[in-house]
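Here's a quick tour for anyone new to reading protein models. Take a look at the picture first, then work through the points below.

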Amino acid sequence: MYNGFVKKIVISKLFLYRYRFTIGYCLLGLAFIALLFGLPLISQTGLSDAEIASATGSYYLSFDAVPNGDLIDLPYRLLQKVSIMIFGLSAYAIKLPSIIIGLFLGLLLILLLNRWFKSNVSLLASCLVVLSTPFLFLAGSGTPLIMLVFWPVLLLWLGSKIQGEKKPKPLYCFLFALTLLFAIFTPYMLYFAIFCVLFVFSQPHLRFIVKSLPKFPLILVGLIILGGISALIANIIMHPDTIMGLLFAKSFDLSYFFGNIMAGFLPVFAWKGAVVSTFLAPLVSLPMFALALVGLFSTTKGFFASRNSIATLLIIFTIVITGFNPDAVVFIILPLAILVAHGLKYLLEKWYGLFPENPYARVAAIIPLAVLFGVMILPGLLQYVYGYRYNPSVTQAYNYDLKIVQDNLTNETLVVDKNYDFYKILEETTSLTIMEEIPDGAQKLAVLRSTEKPANYELSRIITSPMAKDSAIIYLYTEKGE
């Protein structure tokens with residue numbers, strides 16, 4: 001007994017034991033940062049239509065965007081404009097804003113789970129979520145879609161800092177209101193703002209916290225929210241099309257609502273068969289989905305506890321916004337993170353409940369946990385790396401023309417009849433001349449994806465790509481007589 005007591009004391013003082021969670025979070029952070037900044041190198045090198053449109057709109061963003069009412073996704077577009085201006089037009093520069101925001105989003109998810117769950121549960125759940133396919137897709141996509149998840153996670157974390165303290169700091173109340181103000185200029189976040197307000201007033205515990213807050217933070221928050229709503233109303237009056245972009249898709253037809261939901265969720269749970277989409281199917285692996293289901297059923301007893309009901313309500317919110325835009329289905333990552341954490345919490349409690357006094361059983365739990373994590377993380381990472389490169393259902397949704405142009409052309413005149421404004425950006429950092437129509441007198445002429453032979457020119461070369469369905473990408477011509 002004495003020897004066992006001594007051994008227990010020695011183990012508890014071991015460096016690795018005392019700082020196991022700190023070391024775990026550090027290793028997770030290093031792996032996460034390395035993976036994020038290597039995303040454009042290991043995943044798809046092409047660009048989707050949404051990424052091309054986002055890069056074009058961001059680059060041509062004018063300084064008078066705010067007075068002109070061009071406020072939708074403004075923070076992201078400004079960051080993307082700066083990235084393209086510094087690094088030139090490339091897939092990496094287009095995706096870099098999402099990588100940076102993804103870094104903060106991953107950190108916020110880890111902090112949020114750490115606020116709601118014990119360290120062992122939050123660490124394991126964080127590993128599963130930030131290394132999952134939907135999260136890596138968000139962080140590697142050069143569109144403002146990542147903001148749809150970033151703002152709610154930031155709001156929930158700030159809300160947990162207010163809720164979890166006996167005397168919440170006014171600073172967090174101020175930051176919560178300010179974040180809510182910025183968030184409402186992101187599509188569909190008006191719905192989330194309304195959801196937050198209704199949830200606070202319908203939840204008895206949260207109502208009590210709000211009532212117990214000092215008056216000054218409440219007044220300050222009220223003024224900020226009132227100012228934001230006033231600015232939004234003024235913008236809508238001057239530019240009525242803004243409200244369509246914030247509440248719905250820009251060209252939304254209500255008759256497509258249920259069809260959009262089906263189209264959005266199809267690649268999420270498509271464990272068999274190919275799905276033509278920018279998302280790599282299945283977006284959620286079967287083991288992670290099973291773990292989330294365990295978490296969902298484990299929360300039925302305490303449904304009205306704030307964090308339990310939040311997950312279910314966020315799933316409903318995901319379904320609604322997916323009806324407006326199928327790409328918004330990636331919002332599922334937030335309720336998925338919460339439910340996965342609940343599932344892990346339930347499994348660990350049940351296992352330790354079977355052997356409350358047996359230290360060997362606790363150690364033995366490491367083996368099935370390691371197998372479970374290996375099955376959930378490694379195949380997902382390999383699927384992401386190779387799927388976006390070689391899965392024909394996904395690769396055809398991406399355009400590889402930009403890289404082929406940059407790798408093969410130097411000082412030619414390039415003629416494009418699609419995405420002209422996008423390729424026009426190349427003139428700022430290269431010796432290429434971009435034209436929308438075939439010019440007269442160009443000695444070296446390159447035509448992008450057009451088999452129509454220009455007059456007075458001879459075909460000299462065809463540049464192809466193995467990644468495209470139509471492999472002939474660029475037609476090179478020389479002037480007759482040259």
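How exposed is Arg-449? Arg-449 is partly exposed, with a relative accessible area of 35%. Keep in mind that this is a predicted model. We'll start with the charged pairs, then move on to helices, the sheet and a couple of single residues.

**Salt bridges**

- In total, the structure holds 5 salt bridges, and three of them are worth a visit here, starting with the one Arg-449 belongs to.
- Arg-449 has Asp-401 as its partner, and the closest N and O atoms of this salt bridge are 2.7 Å apart.
- That pair ties together distant parts of the chain, 48 residues apart: Asp-401 sits in helix H23 (residues 401-408), while Arg-449 is in the loop between strand E3 (444-448) and strand E4 (457-464).
- Asp-401 is buried, at a relative accessible area of 2%, whereas Arg-449 is partly exposed.
- Helix H23 also hosts a salt bridge between the side chains of Asp-407 and Lys-403, at 2.9 Å from N to O.
- Why are Asp-407 and Lys-403 separated by about one helical turn? It's because they are 4 residues apart in helix H23.
- Asp-407 counts as exposed, with a relative accessible area of 53%, and Lys-403 is partly exposed at 42%.
- Over in another part of the chain, the side chains of Lys-95 and Glu-51 meet in a salt bridge of 2.8 Å, N to O.
- This one links distant parts of the chain too, with Lys-95 in helix H7 and Glu-51 in helix H5 (residues 49-59), 44 residues apart.
- Are the two partners buried or exposed? Lys-95 is buried, with a relative accessible area of 0%, and Glu-51 is buried as well, at 1%.

**Helix H5 and its surroundings**

- Glu-51 has company: the buried residues of H5 are Glu-51, Ile-52, Ser-54, Ala-55, Thr-56, Ser-58 and Tyr-59.
- Which helices do those buried residues pack against? They pack against helix H6 (74-87), H7 and helix H24 (420-424).

**Helices H7 and H10**

- Helix H7 (residues 91-116) packs with helix H10 (residues 147-163) at an angle of about 35°, and their axes are 9 Å apart.
- If you're wondering about handedness, the crossing of H7 and H10 is left-handed.
- On the H7 side, the residues making the contact include Ile-101, Phe-104, Leu-105 and Trp-116.
- On the H10 side, they include Met-147, Val-149, Phe-150 and Lys-161.
- Sorted by class, the contact of H7 with H10 has 15 nonpolar, 1 polar and 2 charged residues.

**The sheet**

- There is an open sheet of 5 strands with mixed pairing, in the order E2-E1-E3-E5-E4.
- Which strands stand at the edges? Strand E2 (433-435) and E4 do; each has a single partner strand, so one side of each is left without a neighbour in the sheet.
- Neighbouring strands of this sheet are turned by 25° against each other on average, direction ignored.
- Strand E1 (residues 413-415) pairs with E2 in the parallel sense, over 3 bridges.
- As an example of that pairing, Leu-414 has Ile-434 in E2 as its bridge partner.
- Here H23 turns up again: this helix packs on the sheet, touching E1, E3, E4 and strand E5 (472-479).
- The direction of H23 makes about 35° with that of E5.
- In general, strands of a sheet pair through backbone hydrogen bonds, either parallel or antiparallel.

**Two buried residues up close**

- Thr-179 lies in helix H11 (residues 170-183) and is buried, with a relative accessible area of 8%.
- Which residues does Thr-179 touch, leaving aside its neighbours within four places in sequence? Thr-179 is in contact with Trp-151, Leu-154, Leu-155 and Leu-158.
- Leu-74 belongs to helix H6, and Leu-74 is buried at a relative accessible area of 13%.
- Apart from its neighbours within four places in sequence, Leu-74 is in contact with Leu-61, Ala-65 and Val-66.
- Along the chain, Leu-74 and Phe-182 are 108 residues apart, yet their C-alpha atoms are separated by 9.4 Å.

Key: Residues numbered from 1 in each chain as written. Predicted model: local features only at pLDDT ≥ 70, side-chain atom pairs only at ≥ 80, totals over all residues. Heavy atoms only, no water. Axes fitted to C-alpha atoms, helices over the stretch in contact; angles between N-to-C directions. Left-handed = near helix turned anticlockwise from the far one by under 90°. Contact = heavy atoms within 4.5 Å. Nonpolar A, V, L, I, M, F, W, Y, C, P; charged D, E, K, R; others polar. Salt bridge = Lys/Arg side-chain N within 4 Å of Asp/Glu carboxyl O. Buried < 20%, exposed > 50% of the residue type's maximum accessible area, 1.4 Å probe, protein only. Pairing = 2+ DSSP bridges.
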